[in-house]
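Subject: Structure handover

Hello,

Here is the structure I said I would pass on. Please open it alongside this email, since the notes below are meant to be read with the model on screen.

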Amino acid sequence: MLVVRWYEERMQRRITVGDGMLLETVYAQINHGRWVASCTCHSAQFVTPADPRMWCVECGTGWWPVAFPPDPAAIEESLDGLPRDQQNWWAAADETDPTRPTLEA
């Protein structure tokens, strides 16, 4: 909800959010040191392990449940000390991972 309120303040647009959760889960990832999750509209939103859900302020599809790793702090610690642009992490099952090997046909 903090992202929704921040967006409303910065963009001067009211966003109507609902209560229901969508069935499909999105994966949390670290991008340049920030926890984000990708929406099906190809936008990404800030997320936090403290509130494992995401509302896309771009398309407004609904509340997405966000899957975080079992120990987010350990992932953050493993990236600590790297330059900010190299602080990236994806869940093994996350198909949006650009470094994920693809099967050649």
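What follows is a short account of what was found, from the overall layout down to single residues.

The model is predicted, not experimental. Please keep that in mind when reading the values below.

Overall layout

The protein has 105 residues, and 33% of them count as buried. Its C-alpha trace spans about 40 × 40 × 25 Å along the principal axes. About 7,100 Å² of surface is exposed, with carbon and sulfur atoms supplying 53% of that area. There are 2 helices and 5 strands, and from the N terminus the order of elements is α-β-β-β-β-β-α. Taking contacts between residues at least 6 apart in sequence, 48% join residues at least 24 apart.

The sheet

The 5 strands make an open sheet with mixed pairing, in the order 3-2-1-5-4. Strand 3 and strand 4 (53–55) are the edge strands, each pairing on one side only. On average, neighbouring strands in this sheet are turned by 45° against each other, direction ignored. As general background, strands of a sheet pair through backbone hydrogen bonds, in either a parallel or an antiparallel manner.

Going across the sheet from the strand 3 edge, the pairings are these:

- Strand 2 and strand 3 (residues 44–46) run antiparallel and are joined by 3 bridges. Valine 36 stands opposite phenylalanine 46 of strand 3.
- Strand 1 (residues 26–31) and strand 2 (residues 34–38) are also antiparallel, with 4 bridges between them. Here alanine 28 faces alanine 37 of strand 2.
- Strand 1 pairs with strand 5 (residues 63–67) in the parallel sense, over 2 bridges. Valine 26 has valine 66 of strand 5 as its bridge partner.
- Strand 4 and strand 5 pair in the antiparallel sense over 3 bridges. Arginine 53 is opposite proline 65 of strand 5.

Two of these pairs are hairpins. The hairpin of strand 1 and strand 2 has 2 residues between the strands, and histidine 32 takes a positive phi near 50° there. The hairpin of strand 2 and strand 3 has 5 residues between its strands, and histidine 42 in the turn has a positive phi of about 75°.

Glutamine 29

Glutamine 29 belongs to strand 1. Is this polar residue's position buried or exposed? Its relative accessible area is 7%, which is under the 20% cut-off, so glutamine 29 counts as buried. The residues that glutamine 29 touches, leaving out those up to four places away in sequence, are Arg34, Trp35, Val36, Ser38, Trp89, Trp90, Asp94 and Thr96. With one of these, tryptophan 90, the glutamine 29 side chain makes a polar contact of 3.4 Å, side chain to side chain.

Proline 65

Proline 65 lies in strand 5. Its relative accessibility is 18%, and because the limit for buried is under 20%, proline 65 is put in that class. Leaving out residues up to four places away in sequence, proline 65 touches Met21, Leu22, Glu24, Thr25, Val26 and Pro52. Proline 65 and tryptophan 90 are separated by 25 residues in sequence and by 16 Å in space, C-alpha to C-alpha.

The salt bridge

How many salt bridges does the model contain? The count comes to 1. The salt bridge is between the side chains of arginine 53 and aspartate 51, with an N to O distance of 2.8 Å. That distance is within the 4 Å limit, so the pair qualifies. Neither residue is classed as buried: arginine 53 has a relative accessible area of 28% and aspartate 51 one of 26%. Both values fall between 20% and 50%, so both residues are partly exposed. Arginine 53 is also the residue mentioned above as standing opposite proline 65 in strand 5.

For a quick look on screen, the residues to pick out are glutamine 29 with tryptophan 90 for the polar contact, and arginine 53 with aspartate 51 for the salt bridge. The two turn histidines with positive phi are histidine 32 and histidine 42.

Regards

How values were computed
Residues numbered from 1 in each chain as written. Predicted model: local features only at pLDDT ≥ 70, side-chain atom pairs only at ≥ 80, totals over all residues. Heavy atoms only, no water. Buried < 20%, exposed > 50% of the residue type's maximum accessible area, 1.4 Å probe, protein only. Pairing = 2+ DSSP bridges. Axes fitted to C-alpha atoms, helices over the stretch in contact; angles between N-to-C directions. Polar contact = N/O pair within 3.5 Å; in protein donor to acceptor, adjacent residues only side chain to side chain. Contact = heavy atoms within 4.5 Å. Areas by Shrake-Rupley, 256 points an atom, 1.4 Å probe, with all protein chains shown as cover.
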